[in-house]
Amino acid sequence: MSLQDELRSAQRCLDDLSRCVTRLEQEAGSCLEMRRVRSDADHLRESLSLLSAAAPPSRSGAGPEMITVSDTPYDSRLWADADDEGLGVCDRHAP
């Protein structure tokens with residue numbers, strides 16, 4: 001997986017954690033331990049946000065990867081049974 005994929009996955013996990021913490025707060029109330037858990041989850045979210053902002057941009061938006069094509073001639077046997085587009089087979093007449 002790419003770095004951007006990993007960051008998105010971590011963000012989804014933090015979203016799930018935040019939902020669970022909210023449900024726990026509703027059940028347990030706002031005690032000291034619950035406030036600590038909420039604070040830790042918020043710190044994780046902030047740290048991940050900072051990491052995402054500092055991460056190098058994804059190459060997927062830059063377009064397709066460049067492929068180098070050699071300048072050496074192709075083997076003529078590759079084209080032995082090929083048709084010339086619009087002209088038909090080379091040993092027959094065009095319609």
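In this predicted model, the structure holds 1 cavity of 30 Å³ or more. The volume of the largest cavity comes to about 30 Å³. Its lining is made up of Leu14, Ser18, Arg38, Ala41, Asp42 and Arg45. Two elements each give two or more residues to this lining, namely α1 (3-28) and α2 (32-54). Of these, α2 provides the largest share, with 4 residues.

The chemical character of the lining is worth a moment's attention. Sorted by class, the residues around the largest cavity comprise 3 charged, 2 nonpolar and 1 polar. The names can be read alongside these counts: Arg38, Asp42 and Arg45 are among the lining residues, as are Leu14, Ala41 and Ser18.

Stepping back from the cavity to the whole chain, the secondary structure is quickly described: the protein has 2 helices and 0 strands. The helices α1, spanning 3-28, and α2, spanning 32-54, are the elements already met at the cavity.

Burial and surface complete the picture. The protein has 95 residues, of which 9% count as buried. About 8,500 Å² of the protein is exposed, and 56% of that area is supplied by carbon and sulfur atoms. As for how contacts are distributed along the sequence, those with a separation of 6 or more were considered, and residues 24 or more positions apart account for 62% of them.

Definitions and conventions. Residues are numbered from 1 along each chain as its sequence is written. This is a predicted model: local features need pLDDT of at least 70, side-chain atom pairs count only at pLDDT 80 or more; totals for chains, interfaces and linings use all residues. Side-chain values use heavy atoms; hydrogens and water are left out. Buried means under 20% relative accessible area, exposed over 50%, partly exposed in between (1.4 Å probe, protein chains only). Contact means heavy atoms within 4.5 Å. Accessible areas come from the Shrake-Rupley method with a 1.4 Å probe; for residues, only the protein chains shown count as cover. On a 1 Å grid over the protein atoms alone, a cavity is a set of points where a 1.4 Å probe fits but cannot get out, and a pocket is an open set with protein on both sides within 12 Å along at least five of seven lines; lining residues have an atom within 4 Å of a point. Grid points are joined across faces, edges and corners, and a volume is the space filled by probe spheres set on the points. Ala, Val, Leu, Ile, Met, Phe, Trp, Tyr, Cys and Pro count as nonpolar, Asp, Glu, Lys and Arg as charged, and the others, Gly among them, as polar.
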